[in-house]
Amino acid sequence: PLTCASQTAATSPRSDLTGATAAVAQSVLSIRATVSLKPGYPQAVARTTFYLVDDSLSNILKSAGVTIKGRDGKDKLAQTEDDYAIWFGFGANNLRMLPIGDFYGKAMATLRPHILQTVISDFDGKARFAPVKVGAYYLLGVARTPKGFAVWQLKAPLDAATVSLTLDERNAAVVQ
């Protein structure tokens, strides 16, 4: 997993105005991801990469001006936050198709500096990120499904020592 050196320790010292040292609170995010395309039959999202990022996918891509080629060949901006999630998921699963493969390449290049950590889920769909400073982060992941893909782009407020998120089709930005 990718980690920042300042985020690998359980606590790190911080000096306040009086010169005293205080501990910076840390939080650990654990996830469990499943997808049920039939009610009552959840399938673990196994061996899938999830990213802990410093902003939402749509904010990052929109502020960088990342576009996709429309059917008319002109650059097209996303109309909604979910448009970016749909394009990202489709691109992750269809890299050879232009212009979506081109969009995915640009999106990943733009996203890389915002990725704080990366984990891969185990065969039960579980994963755990290394400790990070308490704060607001975003969780991003794209999984293949039997009929297409699922994309999660969730705000992950890490405000406790441990935070657990359950990912499924109900909180995915898109499921096909």
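## A tour from helix α2 outward

Begin by selecting helix α2 (residues 81-93), where tyrosine 84 and tryptophan 87 stand three residues apart and are therefore separated by about one helical turn. Keep in mind throughout that this is a predicted model.

Show the side chains of both residues. Tyrosine 84 is buried, with a relative accessible area of 2%, and tryptophan 87, at 10% relative accessibility, also counts as buried because the limit for that word is under 20%. If you now add Phe103 to the selection, you have one aromatic cluster, made up of Tyr84, Trp87 and Phe103.

Next, select phenylalanine 88. Leaving aside its neighbours within four places in sequence, this residue is in contact with Leu57, Phe103, Tyr104, Ala107, Met108, Leu111, Leu140 and Val142. Which residues touch the most other members of the largest nonpolar core? In that core of 24 residues, they are Phe88, Phe103 and Leu111. The elements that each give two or more residues to this core are β5, α1 (57-63), α2, α3 (100-111), β11 (135-145) and β12, and the one that gives the most is α3, with five residues. A second core, separate from this one, has 23 residues, including Ala33, Ala127, Ala143 and Leu167.

Now turn to the aromatic pairs, of which the structure holds five. One of them is formed by phenylalanine 50 and tryptophan 152, whose rings lie 6.1 Å apart, centre to centre, with 45° between the planes, so that the pair counts as tilted, falling between the limits of 30 and 60 degrees. Phenylalanine 50 belongs to strand β5 (residues 49-53) and tryptophan 152 to strand β12 (residues 148-158), so this pair ties together parts that are 102 residues apart in sequence. Are these two residues buried or exposed? Phenylalanine 50 is buried, with a relative accessible area of 0%, and tryptophan 152 is buried with a value of 0% as well. For another pair, return to tyrosine 84 and tryptophan 87, whose ring centres are 5.9 Å apart and whose planes meet at 75°, which means that the pair is edge-to-face.

For a contact of another kind, select arginine 47 together with phenylalanine 123: the charged end of the arginine sits over the phenylalanine ring, 5.5 Å from its centre.

Finish at serine 30, which is found in strand β3 (residues 26-35) and is partly exposed, with a relative accessible area of 23%. Beyond its neighbours within four places in sequence, serine 30 is in contact with Ala127, Arg128, Val163, Ser164 and Leu165. Measure from serine 30 to serine 164 in your viewer: the C-alpha atoms are 4.7 Å apart in space, although 134 residues separate the two in sequence.

Notes:
Residues numbered from 1 in each chain as written. Predicted model: local features only at pLDDT ≥ 70, side-chain atom pairs only at ≥ 80, totals over all residues. Heavy atoms only, no water. Helix = DSSP H or I, 4+ residues; strand = E, 2+ residues; numbered from the N terminus. Buried < 20%, exposed > 50% of the residue type's maximum accessible area, 1.4 Å probe, protein only. Contact = heavy atoms within 4.5 Å. Phe/Tyr/Trp six-rings, centres within 6.5 Å; stacked < 30°, edge-to-face > 60°. Lys NZ or Arg CZ within 6 Å of the ring centre and 35° of its normal. Core = buried A, V, L, I, M, F, W, Y, C linked by side-chain atoms within 4.5 Å.
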